[in-house]
Amino acid sequence: MDIWTQLLQGFATAGTPINLLWALLGCTIGTAVGVLPGIGPATAVAMLLPITLKVDPTASMIFFAGIYYGAMYGGSTTSILLNTPGESGSMVTAMEGNKMAKSGRAGAALATAAIGSFVAGTIATVLVTFFAPLVANYAVKLGPPEYFLLMVLAFCTVSAVLGKSTLRGIAALAVGLAMGLVGIDQISGQARYTAGVPELMDGLEVVLIAVGLFAVAEALYAVLYEGRVVETQNKMSKVHMTALEWSRSWPAWLRATFIGVPFGCIPAGGSEIPTFLSYATEKKLSKHPEEFGTTGAIEGVAGPEAANNAAITATLIPLLTLGIPTSNTTAILLGAFQNYGIQPGPQLFDKNAALVWALIASLYIGNVMLLVLNLPLVGLWVKLLKIPKPQLYAGILIFATVGVYGMRQSAFDLVLLYAIGLLGVVMRRFDFPTAPVVVGMILGPLAEAQMRNALSIGEGKWSVFVERPASVVLLVIVAAVLILPRLAQLRRKPAGTA
Amino acid sequence: MRAHQTAIGAGMLVVAALFAVGATSIPSEAGYAGVGPNFLPWVVALLLGACGVFLVWEATSGGFRAMEEPSGAAQGHWPGFVWVSVGILANALLITTIGFILSCALCFVLAVRGFKSSEGRLDLGPKAWLVDAAIGITIAAPVYWMFTQLLAINLPGLTNGGWI
């Protein structure tokens, strides 16, 4: 396979004026939603899913991808300048970035975050370019049993391993799977859990669940509990790094990239673990450990920010080559593909090669756009932080309506939207993770189909899952993912008490 | 807090029971696969039930484990919540009759009332209503035009022209 020719063709497609415009629009909206508290990339992409009804797939995937990583750039601005992180991956950036901003170095923190995101995003894109086709080539050989187990692995990592409580993670996953059951069964055509409501025959829309759980729940939560929370904003300074700051930043960027990429690739997505790992690494290696947590160390911003972007970019590998989403946003991107009747997976690189390569090329282009949008123009985005909360959240509700109503033209969906929003408030209040719900809902029906196909191959015998070498390996990995963290905990406990 | 946690676990058990009841009416013809369309519903119902049992057990034996302190106030501000809820539900009710722009603007106005009341600065004067209505329309109208005119996606209007 000649990757170069295909990549060049991708650039040719992504470089047409109209597609460049979509990329720019996506990056701009992405940065904006990253900066704005109360709305993240998953919500933004979900609200804009109705455009899949009219816009051609290449353009809209370029657009959505722009929103996805644009939000990562924007998120760092908020976490450095406000004392509340814009999105979860920026939590660590907020710790050190805030300290830097408080000691008058907001500009340097913003610069190292933006340039670090660019460096990491670009390196990760290069890795996606070369590895995704390799993974796809290998993945063609996988059959339904392996796919089913890969999806089980994704379920386990998303629900049981990542969160604080395994029980609440699994409970959230069960709710997601239950939502995925509503509608017509893919294999037998049997209607399930529709209660005679015609609107439920087509199943629950992913837009509805995502917008309800994130946007509406966020608004309801804010009005219920956060009315009296006063946010303070740090002072801006000139966006500029000294030679010393450059020399302290770049090793951190590179180290963090290589921490972030593997975490994005495996179905254990989420950027929280790599950002924390990178932070810990930088703290250990730094020649200025006394700055961490006091005046703010630039490595502590450079590393996690780069790790975040590297991981986010690398989550596209499992999404594109296996069709397995490992985060909220990739789950919704999968929903976008499904709206076009495209099933991401190894065949994507054959059947929709033009689309995939245009998407990958647009990642390179988008990273450059975002660097420009976020360095010289950062002052513009900071102004967004001045929008008062009542108008901001009320405005988000308007966009939520467009997204949900635009998708199916059903007022019934708007009532459901409110119900899902209430569910989201309860989940947020009692610390239930939301990613398992979205991943379970989207991946559940696919996993079920793979499981039943696998059993058909095995003529109804479950032993089909242990008779193929690849599926045995996957079973072992699933078991390891579930058991090893418990063992580590058990070993740590006696040591801690002794 | 503890009582709420138990209620969540119990709620989960109710949902599990509903899913189990629903699963009994799904046929089980399996074809070659050995498992039919009712297999996953049963698995999910059992999973929900198991989670419900464990949640109730955790709640009654010291509360949910490894809980992160929820952000914000300890007590909910219910008047604000009612304003926003009425806004969203009114929108669902009215969108097909008074059209997207007006319905969303109404939702916007009501929601702003709710957030302002939660911040302790609720203003019910006519001027505030008018200003917020104007802002709501300024946000909703361009969005509506972008969808109906540019993308040709159907959103309900007051007239059929696609402008209001």
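## A partly exposed loop residue after α19 of chain A

In this predicted model, Q409(A) has 14 other C-beta atoms within 10 Å and is therefore classed as partly exposed. Q409(A) belongs to the loop that joins α19 to α20 (411–429) in chain A. The phi angle of Q409(A) is positive, near 50 degrees, although the residue is not a glycine. Most residues other than glycine have a negative phi.

The helix that Q409(A) follows is α19(A). Helix α19 of chain A covers residues 389–408, and its 20 residues should span 28 Å at 1.5 Å a residue; the end C-alpha atoms lie 29 Å apart, so the two values agree. In α19(A), 17 of the 20 residues are buried, and the helix is mostly covered.

## The loop before α21 and the helix itself

D431(A) is located in the loop between α20 and α21 of chain A. D431(A) also has a positive phi, near 60 degrees, and is likewise a residue other than glycine. Because 16 other C-beta atoms lie within 10 Å, D431(A) counts as partly exposed.

Helix α21 of chain A runs over residues 435–457, which makes 23 residues. From first C-alpha to last, α21(A) reaches 32 Å, close to the 33 Å expected at 1.5 Å a residue. A bend of about 40 degrees occurs in α21(A) at L443(A), and the proline P445(A) follows within four residues. Of the 23 residues of α21(A), 19 are buried, so the helix is largely enclosed by the rest of the structure. Just after α21(A) comes E459(A), with a positive phi of about 50 degrees.

## An exposed position in α23

L490(A) is part of helix α23 of chain A, which comprises residues 469–497. Is L490(A) buried or exposed? L490(A) has 9 C-beta neighbours inside 10 Å and therefore counts as exposed. Between L490(A) and P344(A) there is a separation of 146 residues in sequence and, C-alpha to C-alpha, of 39 Å in space.

## The contact between chains A and B

Chain B contributes 63 residues to the contact, and chain A contributes 56 residues. On the side of chain B that touches chain A, at least two residues come from each of α1 (2–24), α2 (39–60), α3 (78–98), α4 (100–118) and α5 (126–150) of chain B. Which helix gives the most to this side of chain B? That helix is α3(B), with 10 residues. By residue class, the side of chain B that touches chain A consists of 43 nonpolar, 15 polar and 5 charged residues.

At the level of single residues, A174(A) touches V44(B), L47(B), L48(B) and C51(B), leaving aside residues up to four places away in sequence.

## The largest nonpolar core and the domains of chain B

A174(A) also appears in the largest nonpolar core, being one of the residues with the most contacts inside it. This core has 215 residues, and the others with the most contacts inside it are V45(A), M151(A), A210(A), V211(A), L397(A) and A111(B). From chain B, the core draws at least three residues from each of domain 1 (2–60) and domain 2 (78–150).

These domains come from the domain assignment of chain B. The C-alpha centres of domain 1 and domain 2 of chain B are 38 Å apart.

Key
Residues are numbered from 1 along each chain as its sequence is written. Chains are lettered from A and ligands numbered from 1 in the order in which they are written. This is a predicted model: local features need pLDDT of at least 70, side-chain atom pairs count only at pLDDT 80 or more; totals for chains, interfaces and linings use all residues. Two residues are in contact if their C-beta atoms, placed from the backbone, lie within 7 Å. Ala, Val, Leu, Ile, Met, Phe, Trp, Tyr, Cys and Pro count as nonpolar, Asp, Glu, Lys and Arg as charged, and the others, Gly among them, as polar. Domain bounds come from an automatic or database domain assignment. A nonpolar core is a set of buried Ala, Val, Leu, Ile, Met, Phe, Trp, Tyr and Cys residues joined through C-beta atoms within 7 Å. A residue is buried if 20 or more other C-beta atoms lie within 10 Å of its own, exposed if 12 or fewer, and partly exposed in between; C-beta atoms are placed from the backbone. The expected span of a helix is 1.5 Å times one less than its number of residues. The bend at a residue is the angle between axes fitted to the seven residues ending there and the seven starting there.
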